[in-house]
Amino acid sequence: VLLYRNTKIRHYMYFCFPNWTGGLYVTPTIAGSRSGAVIAATWASLVSLGYNGLQQRALDIHHTANVLARRISQEIPQLSLLGASFDE
């Protein structure tokens, strides 16, 4: 829950996009129409693991994604990966 000291401050959170192809788009949150579940889960992970623990998990995920991309590129030539980079 995000609470504001007054309505003037809350006003800055609103986002309005009048030229959207679906018509006027207005949202009262920075995340737009997306669920808050992802940010809540990230926050819970940070609280549970700490900054260093969360950073290590992110590095592990990045490493695993690179290993998978490299193996797929090497072993399945019929499959083309877009945006694949094998940086470590």
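1. A salt bridge is taken here as a side-chain nitrogen of Lys or Arg within 4 Å of a carboxyl oxygen of Asp or Glu. A search of the whole structure under that criterion returns one salt bridge. Arg71 and Glu75 form a salt bridge, with their closest N and O atoms 2.7 Å apart.

2. The basis of the note should be stated early. The structure is a predicted model, in which local features need pLDDT of at least 70 and side-chain atom pairs count only at pLDDT 80 or more, while totals for chains, interfaces and linings use all residues. Residues are numbered from 1 along each chain as its sequence is written, and side-chain values use heavy atoms, with hydrogens and water left out.

3. Secondary structure follows DSSP runs, numbered from the N terminus: helices are H or I runs of at least four residues, and strands are E runs of at least two. On this basis the protein has two helices and two strands. Their order along the sequence is α-β-β-α.

4. Accessible areas were computed by the Shrake-Rupley method with a 1.4 Å probe, and for residues only the protein chains shown count as cover. The accessible surface of the protein is about 7800 Å², with 63% belonging to carbon and sulfur atoms. A residue is called buried under 20% relative accessible area, exposed over 50%, and partly exposed in between. Of the 88 residues in the protein, 6% are buried.

5. Contact is defined as heavy atoms within 4.5 Å. Taking the contacts between residues at least 6 apart in sequence, 5% join residues at least 24 apart.

6. The salt bridge can be placed within helix 2. Arg71 and Glu75 are four residues apart in helix 2 (residues 37–75), so about one helical turn separates them. Arg71 is partly exposed at 47% relative accessibility, whereas Glu75 is exposed at 52%.

7. The geometry of helix 2 merits attention. The expected span of a helix is 1.5 Å times one less than its number of residues. For a straight helix of 39 residues this gives 57 Å, but helix 2 spans only 36 Å between its end C-alpha atoms. Helix 2 also bends by about 110° at Gly50, the bend being the angle between axes fitted to the seven residues ending at a residue and the seven starting there.

8. Burial in helix 2 is confined to Gly53, Asn66 and Ala69. Leu46, also in helix 2, is partly exposed with a relative accessible area of 34%. Apart from its neighbours within four places in sequence, Leu46 is in contact with Tyr51 and Leu54.

9. A pair of aromatic rings is described by the distance of the centres and the angle of the planes. Rings of Phe, Tyr and Trp (its six-membered ring) pair if their centres lie within 6.5 Å; planes under 30 degrees apart count as stacked, over 60 as edge-to-face and the rest as tilted. Two aromatic pairs meet this rule. One of them, Phe15 with Tyr25, is edge-to-face, at 6.5 Å centre to centre and 65° between the planes. Phe15 lies in strand 1 (residues 15–17) and Tyr25 in strand 2 (residues 25–27), so this pair ties together parts that are ten residues apart in sequence. Phe15 and Tyr25 belong with Trp20 to one aromatic cluster. Phe15 is partly exposed at 43% relative accessibility, and Tyr25 is partly exposed at 24%.

10. Phe17 is a further residue of strand 1 and is partly exposed, with a relative accessible area of 38%. Not counting residues up to four places away in sequence, Phe17 touches Gly23, Leu24 and Tyr25. The C-alpha atoms of Phe17 and Thr27 are 9.0 Å apart, the two residues being ten places apart along the chain.

Technical notes: Buried < 20%, exposed > 50% of the residue type's maximum accessible area, 1.4 Å probe, protein only.
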